[in-house]
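I opened the model to look up its sheets, its empty spaces and one loop residue. My entries follow in the order I made them.

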Amino acid sequence: MSPALNEDLQCLFASFNATKLGEGDVAVGANLLATMACSIANIQRPGTGYIDPSGNSFMVGSSLLISGSHSSSLICEKVIQPMGLKQSNLASHILHSALEIQETKRKNSRQSSERDPFLAAVGGSQSLAYFYSLDLDGRSAASELTALLETDAPSGLGALSKNSYVFISGNSHQQTAQALEFSHMKRPNVHIGVDDVEGFNNFREVCSDIIDGRGTASVRGTVLLTDPRQALAKVIQNSEASAGLAQRMMWLVDGEAGPTPTEVEFENPPVAIDELFTRYEKVMNQAWGNRIAPRCPKELLTKLQFTDAQAEWMKFLKQHEPQHPGLSGAARGLFITLFYGFEQLRGAWKLPQSNLKWNGSYVTALAKFLVLRMINARSAMLASGENCRQLHVQMRILKKLAGQSHLERNIYRHLNLTAEVCKTALLALQSAGKANFDGTFWSALGSSEPSDLHPLTLEA
């Protein structure tokens with residue numbers, strides 16, 4: 001990263017105390033911070049984003065793949081579990097209101113045949129006010145009823161009860177696919193937890209359908225996939241189909257994967273950890289309220305000049321696209337999504353301009369930092385897989401050479417190797433002192449154990 005970007009990144013991390021946020025790991029803190037911002041944007045209504053003066057629109061939303069036990073654990077605790085609780089509470093309110101209406105209708109039907117039981121039920125249902133955003137303080141029963149009747153029934157409780165899944169966290173791909181049928185506004189936020197390569201393979205189809213907006217449910221949403229056991233490395237190396245899905249998502253990874261800047265220390269960080277979580281909870285509650293309120297605008301577009309910033313972002317991604325196909329698609333919406341999330345979070349604090357700039361430069365630094373870590377993690381995983389393959393070839397060759405010398409062509413013919421792969425392995429064995437070439441024949445030296453290959457080190 002450039003010195004200017006690195007400086008912006010350091011100040012951003014210091015402002016949010018990212019090292020403490022990540023329990024001693026600044027990269028984990030960055031992953032949590034980014035997921036919080038993205039989750040705020042992803043939960044918004046379809047059509048939420050920015051529109052510039054020329055009419056170009058930029059929609060928020062980014063699917064994330066969290067690989068690593070530390071980041072997965074924190075993100076599950078601070079983001080996924082609270083969202084699951086909100087979804088559970090929403091279902092409880094719907095059930096309670098439905099039962100309350102039934103009971104009120106039953107009571108009123110016995111009192112008077114002249115009184116409309118439906119109006120009596122709706123007017124007497126206090127819990128319905130939650131869904132219609134009513135302020136009951138100081139209102140008469142008549143004004144409550146008037147406000148309720150001004151709302152179209154199809155967009156009220158009945159419709160919400162049939163399509164109430166704002167957040168979905170399935171234990172199986174079948175369960176997830178079934179829940180998609182009841183997703184709210186056909187734009188769900190879906191959490192998938194996987195433990196191994198088989199888990200990636202099982203959820204591959206349903207995740208692809210969610211990201212692409214295809215399948216029987218015809219929904220298009222965002223996926224938050226957690227991979228605490230880091231099965232992603234094996235997926236990238238061995239499972240071509242699942243690797244295709246993984247490479248269409250933005251990775252937030254643990255470990256030494258690229259730039260890890262030293263955090264600048266403030267004596268008193270402008271954003272305390274507890275305040276950050278309090279503000280996040282408040283903003284997320286507002287997002288859910290806007291999402292399910294029937295009188296909320298269908299689209300939530302903010303007027304902002306965003307064309308140049310997005311063009312610069314895509315230019316950055318395309319610089320890396322040839323070596324990392326699919327990167328531009330996976331990370332295309334990351335910058336806009338992060339920007340939107342941070343804009344929602346910033347309102348609670350009066351931050352000095354010298355500490356935290358909200359003109360996009362700090363968000364740009366964070367977005368590029370995350371992409372570079374994704375690039376380096378992918379490269380290291382692929383390199384690790386190649387190292388394993390080379391070690392396997394070397395072991396086979398050493399066993400072939402045990403007790404007898406061979407011509408090079410006999411080695412690769414008998415082991416069904418290409419001449420190039422065989423030559424590379426023989427030279428590596430020779431360099432490690434495991435094999436000898438006398439000008440005609442290759443023979444083993446010492447034990448038949450394979451040589452250790454130096455791990456690949458990548459720098460952003």
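I count a contact when heavy atoms lie within 4.5 Å. The model is predicted, so I asked for pLDDT of at least 70 for local features and 80 or more for side-chain atom pairs, while totals for chains, interfaces and linings use all residues. Residues are numbered from 1 along each chain as its sequence is written, and side-chain values use heavy atoms, with hydrogens and water left out.

**Entry 1: the chain overall**

I took helices (H or I, at least four residues) and strands (E, at least two) as DSSP runs, numbered from the N terminus. The protein chain has 19 helices and 10 strands. I called a residue buried under 20% relative accessible area, exposed over 50% and partly exposed in between, with a 1.4 Å probe and protein chains only. On that basis 48% of the 460 residues are buried. For areas I used the Shrake-Rupley method with a 1.4 Å probe. The chain exposes about 22400 Å², and carbon and sulfur atoms supply 49% of it. I then looked at contacts with a separation of 6 or more: 75% of them join residues 24 or more positions apart.

**Entry 2: the five-stranded sheet**

I let two strands pair if DSSP finds at least two bridges between them. One open sheet has five strands in the order β4-β5-β6-β3-β7, and the pairing is parallel. Its edges are β4 (167–169) and β7 (250–253), each paired on one side only. I fitted axes to C-alpha atoms, for helices over the stretch in contact, and took angles from 0 to 180 degrees between N-to-C directions. Neighbouring strands here are turned by 15° against each other on average, direction ignored.

I followed β3 (64–67) to β7: four bridges join them, running parallel. I66 has L252 of β7 as its bridge partner. What covers the two faces of β7? I found M250 and L252 buried on one side, and W251 and V253 buried on the other. In a regular strand the side chains alternate between the two faces of the sheet. Helix α10 lies across β3, β5 (189–193) and β6 (222–227), and runs at about 160° to β6.

**Entry 3: the three-stranded sheet**

A second look gave an open sheet of three strands, β2-β1-β8, with mixed pairing. β2 (57–59) and β8 (301–303) are the edges; each has a single partner strand, so one side of each has no neighbour in the sheet. The twist averages 25° from one strand to the next. β1 (49–51) pairs with β8 in the parallel sense over three bridges. There G49 is matched with L301. Helix α16 (334–345) packs on this sheet and touches β1 and β2, its direction making about 100° with that of β1.

**Entry 4: pocket and cavities**

I searched a 1 Å grid over the protein atoms alone: a cavity is a set of points where a 1.4 Å probe fits but cannot get out, a pocket is an open set with protein on both sides within 12 Å along at least five of seven lines, and lining residues have an atom within 4 Å of a point. Points were joined across faces, edges and corners, and a volume is the space filled by probe spheres set on them.

The largest pocket has a volume of about 620 Å³. Of its 23 lining residues, V60, G61, S62, R220 and R332 are the closest to the centre. β2, α10 (197–212) and α15 (327–331) each supply at least two lining residues. β2 gives the most, with three.

How many cavities of 30 Å³ or more are there? I found three. The largest holds about 120 Å³. It has 15 lining residues, and S39, N42, N189, T222 and L224 lie nearest its centre. α3 (26–42), β5 and β6 each supply at least two of the lining residues. α3 gives the most, with four.

**Entry 5: Q305**

Q305 sits in the loop between β8 and α14 (307–320). Is Q305 buried or exposed? Its relative accessibility is 48%, so I count Q305 as partly exposed. Leaving out residues up to four places away in sequence, Q305 touches D52 and P53. I also checked S57: it is 248 residues from Q305 along the chain, yet their C-alpha atoms are separated by 10.0 Å.
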